[in-house]
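Open the model in a viewer and keep the selection panel at hand. The stops below take in a strand, its partners and a pocket.

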Amino acid sequence: MDEMLEREKIEAIVRASRPQVAVIGVGGAGCNIVSWVKEKKGGVAGAKLIAANTDANHLNIIKADRRILLGEKTCKGMGAGGYPERGEQAARESIEQVKKDVKGSNIIYVATGLGGGTGTGASTVIAQALKPSRALMIGVVTLPFAVERFRYNSAKEGLVKLKAECDTVVVIDNNRLAKVAGDLPLKEALGVANTLVGEFVKGITETITTASLINIDFADLRAIMEKRGLAAIGVGESEGANRVQHAVQTALDAQLLDIKDSTKSFGVLIHVSGGDDITLDEVTQAGEMITRSLPKDARVVWGARVDPTLGGKVRVMVVLTGVESTFLAEQPTRLGKFLRVKQ
Ligand SMILES: Nc1nc2c(ncn2[C@@H]2O[C@H](COP(=O)(O)OP(=O)(O)OP(=O)(O)O)[C@@H](O)[C@H]2O)c(=O)[nH]1
Ligand SMILES: [Mg+2]
């Protein structure tokens, strides 16, 4: 009897100490990411998936635990038409609903494709409004493709604003992603971006919220993510002989953001996943390989999970936090300057 009571007590404490997680996809891209995770991956254990958009038609086809139509009055369910100011206003209009839906969360992800109206404008307003909750706020954003050059300036302004409201913003440059994924048609390239962001959010979260090969401790995650600015991510996948070495090398070589100096990054988050056959030895090997390539004082946090859908593959994710991006240092495009002078 005593043993049973004790076990219940321990389980109750474990449940209470487990962080609550909310993932908010904002705008078309953000909602597609959330929907991909919900539909293809059966959601994220321990996390609530929220889709928020100004576009009612798009929201209607999205799978999520909760869907929020932003700014009914401002946008009339028709999107923000590429204007971030409209996205901002729409988010302000609906902010109480968003707050209600994420209440009690300890980790909040805000996922969005920068460059449009809703995601670019609304994500910052949302992050700012949720700040008093003291949750760890992690933005996960993509930068526009080169063919969308006209969206660069608003993406850049959006990133600067979002960075100020988040602990860390993980930035994925779609152009780098396209290079890594090979020459894909736009729609497929967007699909790859959705997969990547979805895997990132799911992988990290479940390594915290569910029993894993090596769990990531929430306090450790906070230590490398809290008030760290920008983060870059690299992903590598491999199978067969030396699969760990290959996956680690790819993840390190193919950072999906142009960063100024990777050796200056503050911290590193390493996430290893593999099919049922992955061994603790392989995981340790991956961790050691990455740690060796980093400056001695870099803080390293790592976790590992079995993902049966991976079969014989090993996947390694490396997130460098506290990096500087060349994207933010670039001059605005000429058209941007011209428009600004005219205003
Ligand atoms: N990852 C991903 N990125 C996308 C997707 N669709 C568009 N994007 C990228 O995200 C940027 C913003 O596009 P949307 O998300 O459609 O824009 P929005 O936030 O809905 O803004 P409005 O439609 O103007 O209200 C685009 O410039 C693309 O670079 C998608 O399905 N997945
Ligand atoms: Mg849209």
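Helices (H or I, at least four residues) and strands (E, at least two) are DSSP runs, numbered from the N terminus. This is a predicted model, in which local features need pLDDT of at least 70 and side-chain atom pairs count only at pLDDT 80 or more, while totals for chains, interfaces and linings use all residues; side-chain values use heavy atoms, with hydrogens and water left out. Residues are numbered from 1 along each chain as its sequence is written, and chains are lettered from A and ligands numbered from 1 in the order in which they are written.

Select α2 (27-41). Of the helices and strands, α2 gives the largest share of the lining of the largest pocket, nine residues. Add α7 (118-130) and α10 (186-209), which each supply at least two lining residues.

Next, show Gly28, Ala29, Asn32, His58 and Leu190, which lie nearest the pocket's centre among its 40 lining residues. By class, the lining has 13 nonpolar, 21 polar and six charged residues.

Now select strand β7 (residues 229-238), where nine of the 10 residues are buried (under 20% relative accessible area, 1.4 Å probe, protein chains only). The strand is therefore largely enclosed by the rest of the structure.

Add the two partners of β7; strands pair if DSSP finds at least two bridges between them. Strand β6 (residues 168-173) runs parallel to β7 over three bridges, with Val170 opposite Ala231. Strand β10 (residues 314-323) pairs with β7 in the antiparallel sense over nine bridges; there, Arg315 is the bridge partner of Glu237.

Notes:
Buried means under 20% relative accessible area, exposed over 50%, partly exposed in between (1.4 Å probe, protein chains only). On a 1 Å grid over the protein atoms alone, a cavity is a set of points where a 1.4 Å probe fits but cannot get out, and a pocket is an open set with protein on both sides within 12 Å along at least five of seven lines; lining residues have an atom within 4 Å of a point. Ala, Val, Leu, Ile, Met, Phe, Trp, Tyr, Cys and Pro count as nonpolar, Asp, Glu, Lys and Arg as charged, and the others, Gly among them, as polar.
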